[in-house]
Amino acid sequence: MEELQNAVKDGGLAVSNLPEKGRCLLTTKNFYPGEVILRQEPYVCVPNNTVSRCDGCFASESLKKCSACQVVWYCGSTCQKSEWKLHRLECIALSRLEKEKRKAVTPSIRLMVRLYLRRKLQNEMFIPASVTDSCNFVEALVSHLKDLDEKQLVLYAQMASLVHLILQWPEINLKEIAENFSKLACNAHTICDCELRPLGTGLYPIVSIINHSCLPNAVLIFEGKSSVVRAVEHIPEGAEVSIAYIDIAGSTMTRQKTLKEQYFFTCTCPRCIKAYNDIQESAILEGYRCKDDRCNGFLLRDSEDKGFICQTCGLLRSKEEVKRIVSEITAISDKELKYKSPGNHEEAISQYKMIEKLQMELCHPFSISLMRTREELLKILMEVGDWREALAYCRLTIPGYQKLKLDC
Ligand SMILES: C[S@@+](CC[C@H](N)C(=O)[O-])C[C@H]1O[C@@H](n2cnc3c(N)ncnc32)[C@H](O)[C@@H]1O
């Protein structure tokens, strides 16, 4: 802990312990909106496998497969060389596997294999280690092993066996690998590009000390594989740095459920403990709008189960009407998913606009589904360089986020 304190203190930070949260990162100076609080390289990382990506820079174009292991891709010799020390060992291990078994090597398995290989290389002094760049930090990570259900434990045990099969180290401890999988699940971060598209997963020693808030004062972004934590508001000296682990646009019930299932804690941030009306909040964020365009009311199911009643003007919206619009949206979304191809922007824009139109008819103006559709449109419009329309959609998403802040 003392070594860790020394490593962060020059950056205006301190590590502390809170009884209800465990370790946390505190500020020892003021940070202002936009200011970088922390930058850190991953201890280990891997690209995801939805599309092939370079192991060095996560690029998805002009790739060549490693001819030996046939698992890892590179965009060129620069990335291949930069990754070589670690991949040399990984390559030998993966090449030993039967072809069929290699298909089971998911990004999570690779991340674990790399964690062990990096530890070995640092122990043998083939690569340098420092307080914030050594395997010692893994020991201090929370694992929540005791909170896992039997199904999850069996899965981690199976994954640990595969790691054992790949590494073939006789002294390896299977229980420790399974526990490390549990640690990765609540401490690793999804690496995204600047438009928040997921590219891979990485474990960042100091970033993994930062706790969650549904009203965070900082945001975690990525510049390539480097993590950057920036202040989103003034953070006074002595305050706890917090980021959002999950999508915070959701209702309190949805957020609490996700945090409990994935991170095993009950959030007590100002948004969660505020005396809120959870039924009204869910009805606005996840429910339907009043049939009357001029009314801004939210709907609740009526007692006779005929449909949904507007809580402002009392108008009934029938179950059949809601069902019809929901199935139209589902049909377009299914078609969109089926025919989604990277170059087909025009078609995607037209499909999402149809979904938006139906959602405007069905959902409350602050609905999360509507906001998500607009965010999708914003991303595609930026991809095709239609900046004017992208800006218009960007403006449409802002009130939803402002509302979250104002409601607290
Ligand atoms: C990435 S770690 C954060 C650092 C952690 N506190 C530690 O001691 O290493 C995530 C874990 O921290 C705890 N945690 C994070 N945010 C919390 C919060 N707002 N309230 C309570 N516990 C929290 C949970 O146990 C969660 O699974």
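Let's start at the ligand. The shell around the ligand divides into nine nonpolar residues, seven polar and three charged. Keep in mind that this is a predicted model.

Who comes nearest? Of the 19 residues around the ligand, the nearest are Gly-22, Arg-23, Asn-211, Tyr-263 and Phe-265. Three elements give two or more residues to that shell: β2, at 22-27, α7, at 174-187, and β9, at 211-212. Which of them gives the largest share? That is β2, with three residues.

Now the overall layout. The protein is divided into two parts, domain 1 at 42-190 and domain 2 at 278-406. Taken over C-alpha atoms, the centres of domain 1 and domain 2 are 40 Å apart.

The UniProt record adds two annotations, both from an unreviewed entry. One, "domain: SET", covers residues 11-246. Over residues 11-246, helix makes up 33% of the chain and strand 22%. The end C-alpha atoms of that span are 26 Å apart. The other annotation, "domain: MYND-type", covers residues 54-91. Here the span is 39% helix and 11% strand. Its end C-alpha atoms lie 15 Å apart.

Next, the three-stranded sheet. It is open, with the order β13-β14-β15, and the pairing is antiparallel. The edges are β13, residues 299-301, and β15, residues 316-318; each of these pairs on one side only. From one strand to the next, the twist averages 30°. As a reminder, strands of a sheet pair through backbone hydrogen bonds, either parallel or antiparallel.

Take the β13 side. Three bridges join β13 to β14. Leu-299 stands opposite Cys-310 in β14. The two strands form a hairpin, with five residues between them. In that turn, Asp-305 has a positive phi of about 60°.

Now the β15 side. β14 spans residues 307-310, and three bridges join it to β15. Gly-307 has Ser-318 in β15 as its bridge partner. Ile-309 stands opposite Leu-316 in β15. Again there is a hairpin, and β14 and β15 have five residues between them. Which residue takes a positive phi in the hairpin of β14 and β15? Gly-314 does, near 85°.

On to another hairpin, β10 and β11. β10 covers residues 218-223, and β11 covers residues 226-231. Six bridges join the two strands, which run antiparallel. Leu-220 has Val-229 in β11 as its bridge partner. Two residues sit between the strands of this hairpin, and Gly-224 takes a positive phi near 65°.

β10 also has two faces to look at. In a regular strand the side chains alternate between the two faces of the sheet. On β10, the covered face holds Ala-218, Leu-220 and Phe-222. The uncovered face holds Val-219, Ile-221 and Glu-223. Leu-220, then, is on the covered face and is the residue bridged to Val-229.

Now for some backbone angles. Most residues other than glycine have a negative phi. Two loop residues deserve a look on that score.

Ser-62 is one of them. Its phi is positive, near 50°. Ser-62 lies in the loop between β4, at 44-47, and β5, at 64-65. Is Ser-62 buried or exposed? Ser-62 counts as exposed, because it has 9 C-beta neighbours inside 10 Å, and the cut-off for exposed is 12 or fewer.

Phe-264 is the other. It is not a glycine, yet its phi is positive, about 60°. Where is Phe-264 found? In the loop between α8, at 252-263, and α9, at 270-273. Phe-264 has 16 other C-beta atoms within 10 Å, so it is partly exposed. Tyr-263 and Phe-265 are among the residues that come nearest the ligand.

One last loop residue, Lys-146. It lies between α5, at 136-140, and α6, at 150-167. Why does Lys-146 count as exposed? Because there are 7 other C-beta atoms within 10 Å. Lys-146 and Ser-182 are 36 residues apart along the chain, and their C-alpha atoms are separated by 10.0 Å.

To close, back to the ligand. β2 gives three residues to the shell, and Gly-22 and Arg-23 are among the nearest. That's the tour.

How values were computed: Residues are numbered from 1 along each chain as its sequence is written. This is a predicted model: local features need pLDDT of at least 70, side-chain atom pairs count only at pLDDT 80 or more; totals for chains, interfaces and linings use all residues. A residue is near a molecule or strand if its C-beta atom, placed from the backbone, lies within 6 Å of it. Helices (H or I, at least four residues) and strands (E, at least two) are DSSP runs, numbered from the N terminus. Ala, Val, Leu, Ile, Met, Phe, Trp, Tyr, Cys and Pro count as nonpolar, Asp, Glu, Lys and Arg as charged, and the others, Gly among them, as polar. Domain bounds come from an automatic or database domain assignment. UniProt positions are given in the numbering used here, feature names are shortened, and annotations may be inferred rather than shown by experiment. Two strands pair if DSSP finds at least two bridges between them. Axes are lines fitted to C-alpha atoms, for helices over the stretch in contact, and angles run from 0 to 180 degrees between N-to-C directions. A residue is buried if 20 or more other C-beta atoms lie within 10 Å of its own, exposed if 12 or fewer, and partly exposed in between; C-beta atoms are placed from the backbone.
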